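Reader: I'm new to reading protein structures. Please pick out one part, look at it closely, and then walk me through the pieces that go with it.

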Amino acid sequence: MSLTRQFALTGSAIMIVAMIAAGLFTAQIVSKATIENTASSTALLIDSFLESLVQDLTREELLSANETTELNRLLGADHFRERFPHLEIWKEGGLIVYSTTSSLIGRRFTPPPGLVTALGGDISAQYADLQALEHRVSGRDQKYLEIYVPLREERTGRVVAVAEIHESTAPLEARLWWVRLNSWLAVVGATLLIMLGLFGIVYRGNKLILLQRRQLHERLVEIEHTSRHNHILKERAQRASGRVAELTENYLRRIGADLHDGPAQLIGLAALTVEHVRRAQTPVKREEELQLLNSVLSEALRDIRTTSKGLMLPEIEDLPLPEIIQRVAFNHERRTGSKVTVHCSAISHPLTHGIKICVYRFVQEGLNNAFRHAGGSGQTVTCSLEDSVLNLVVQDDGGMGVGSLTATDTGLGLAGMRERVESLGGVFQLSHLTSGGTRVEMRVIAGKESQDG
């Protein structure tokens, strides 16, 4: 919805509510003012001829017979009785000292609220309560306006009595109807003028906003076109820069991983073998350990040379995966003298060179950790391929290894294994078995050449 329509709906609803509230409030105030004016004029009229007749009430309980007769004569006139059908004069304590209904004279009733107000010196006016006792006794059942007028002593101004005048409501209701009508017409007219003025302002503002919105939209389209072109150029530059940084970082990481998983592991194993040489009990046993140490160091040297030539293992590039795993297990058995069980079914699915290297290093690192921390107990390698997902597991049964004889491993270790697997988009998991052993597992989708390097 346009701003003009929104204002027309919400503004109209708000202004109507405000108009009704203002109309009711104004009508109430005007009605009250009209009733008070009527009471004031009536009070002046009544006070003009009653005040002189009630002066004896300062000394007497009731009016004298002459004063009562004079009041009956004055109030009995037709024009007066038509406008003021009833009149009572009260004293403090609810005593009626005069009434046009003679049966009420001399009786006491509960002082009505208007009487209490008038005894305090103020004029009071309200519609008659027909359930009041004095009204039920006199048998009055017609609606009229009660006006209570304080009557004062001439010398001191003290209130000596209160005149209760019953004025016919027909003329008053007619005046109130016209007063309320005029007040409502004034409120409605003012509301319409305000609404039209505000609507004109909003209408002009809405037209200006729509014009500026169109101009702004055209400008935004132009800016968006330029921004999209700049964004494309920026993405191309970022991709080129990021690719260069990624290739450099991957190259450095691979150097570190290959050095750790290959030569560093072999040198660590050689360090363990040195301890075995020291513990050899016979020259023959010592010679065997020295031969093993020489073999391990020679293989570490070959790995370093291979890594220096290109970080690849040329001897495994064309081998099937089961044979690669068998070769790693055989080399580990030969170095450590421990037993490795391999369960690997035939895998005909083509694997990338990166996956083969990852498998080689994963099995090598896993078996070295099993030997170092579990003494080579229950070393098992399991591999399978299901729905193009290669699953490889290396686990042991736990036990006391010889890792305590070497310094704490501060290299890449398991973090390097995880990084190798995840760099190929695979999943790496490490878990501890209830039997006390350790299980490392990798899962990777086979044949993803784009993940290699």
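Author: Let's start with Ser103, which sits in the loop between E2 and helix H4 (113-119). Keep in mind that you're looking at a predicted model. How exposed is Ser103? It has a relative accessible area of 43%, so Ser103 goes down as partly exposed. Now look for Val137, which is 34 residues away from Ser103 along the chain. Even so, the C-alpha atoms of Ser103 and Val137 are separated by 8.6 Å.

Go back from that loop and you get to a hairpin. Strand E1 (residues 86-91) and strand E2 (residues 95-99) run antiparallel, and four bridges join them. If you want one pair to find on screen, try Trp90, whose bridge partner in E2 is Ile96. Three residues lie between the strands of this hairpin, and Gly93 takes a positive phi there, near 90°. E1 itself is mostly covered, with five of its six residues buried.

Lys91 is worth a stop here, as its place is in strand E1. Is Lys91 buried or exposed? Its relative accessibility is 14%, and the cut-off for buried is under 20%, so Lys91 counts as buried. What does Lys91 touch, leaving out residues up to four places away in sequence? The answer is Leu57, Glu60, Glu61, Val97 and Val160.

Let's move on to a second hairpin, further along the chain. Strand E7 (residues 379-386) and E8 run antiparallel, with seven bridges joining them. Ser384 is a handy marker, since it stands opposite Asn391 in E8. This hairpin has two residues between its strands. Asp387 is found in the loop between E7 and E8, and so is Ser388.

What is unusual to look at in this loop? Here is the background: most residues other than glycine have a negative phi. Asp387 isn't a glycine, yet its phi is positive, near 50°. Ser388 isn't a glycine either, and its phi is also positive, near 65°. As for how open they are, Asp387 is exposed, with a relative accessible area of 77%. Ser388 comes in at 32% relative accessibility, so it counts as partly exposed.

From the turn, follow the chain into strand E8 (residues 389-395). Five of its seven residues are buried, so E8 is largely enclosed by the rest of the structure. E8 also pairs with strand E10 (residues 438-445), in the antiparallel sense and over seven bridges. You can trace that pairing through Val389, whose bridge partner in E10 is Ile445, and through Val394, which stands opposite Val440.

Now zoom out to the sheet these strands belong to. It is an open sheet of five strands in the order E6-E7-E8-E10-E9, and its pairing is mixed. Which strands stand at the edges? They are strand E6 (340-344) and strand E9 (427-432), and each has a single partner strand, so one side of each is left without a neighbour in the sheet. Going from one strand to the next, the twist averages 10°.

Two helices go with this sheet. H8 lies across E6, E7 and E8, and it runs at about 175° to E6. H9 packs on the sheet too, touching E6, E7, E8, E9 and E10, and its direction makes about 15° with that of E8.

How do the two helices sit against each other? Helix H8 (residues 321-336) and helix H9 (residues 353-374) have axes that come within 10 Å and cross at roughly 30°. Angles under 35 degrees count as roughly parallel, and H8 and H9 are therefore roughly parallel to each other. The crossing in which H8 passes H9 is right-handed. On the H8 side, the residues that meet H9 include Leu321, Ile324, Ile325 and Val328, while those H9 brings to H8 include Val359, Tyr360, Val363 and Phe371. The residues of this contact divide into 10 nonpolar, five polar and two charged.

To finish, here's the whole protein. It has 10 helices and 10 strands, and buried residues make up 38% of its 453 residues. Take the contacts between residues at least 6 apart in sequence: 67% of them join residues at least 24 apart.

Definitions and conventions: Residues numbered from 1 in each chain as written. Predicted model: local features only at pLDDT ≥ 70, side-chain atom pairs only at ≥ 80, totals over all residues. Heavy atoms only, no water. Axes fitted to C-alpha atoms, helices over the stretch in contact; angles between N-to-C directions. Parallel < 35°, antiparallel > 145°, perpendicular 65-115°, else oblique. Left-handed = near helix turned anticlockwise from the far one by under 90°. Contact = heavy atoms within 4.5 Å. Nonpolar A, V, L, I, M, F, W, Y, C, P; charged D, E, K, R; others polar. Buried < 20%, exposed > 50% of the residue type's maximum accessible area, 1.4 Å probe, protein only. Pairing = 2+ DSSP bridges.
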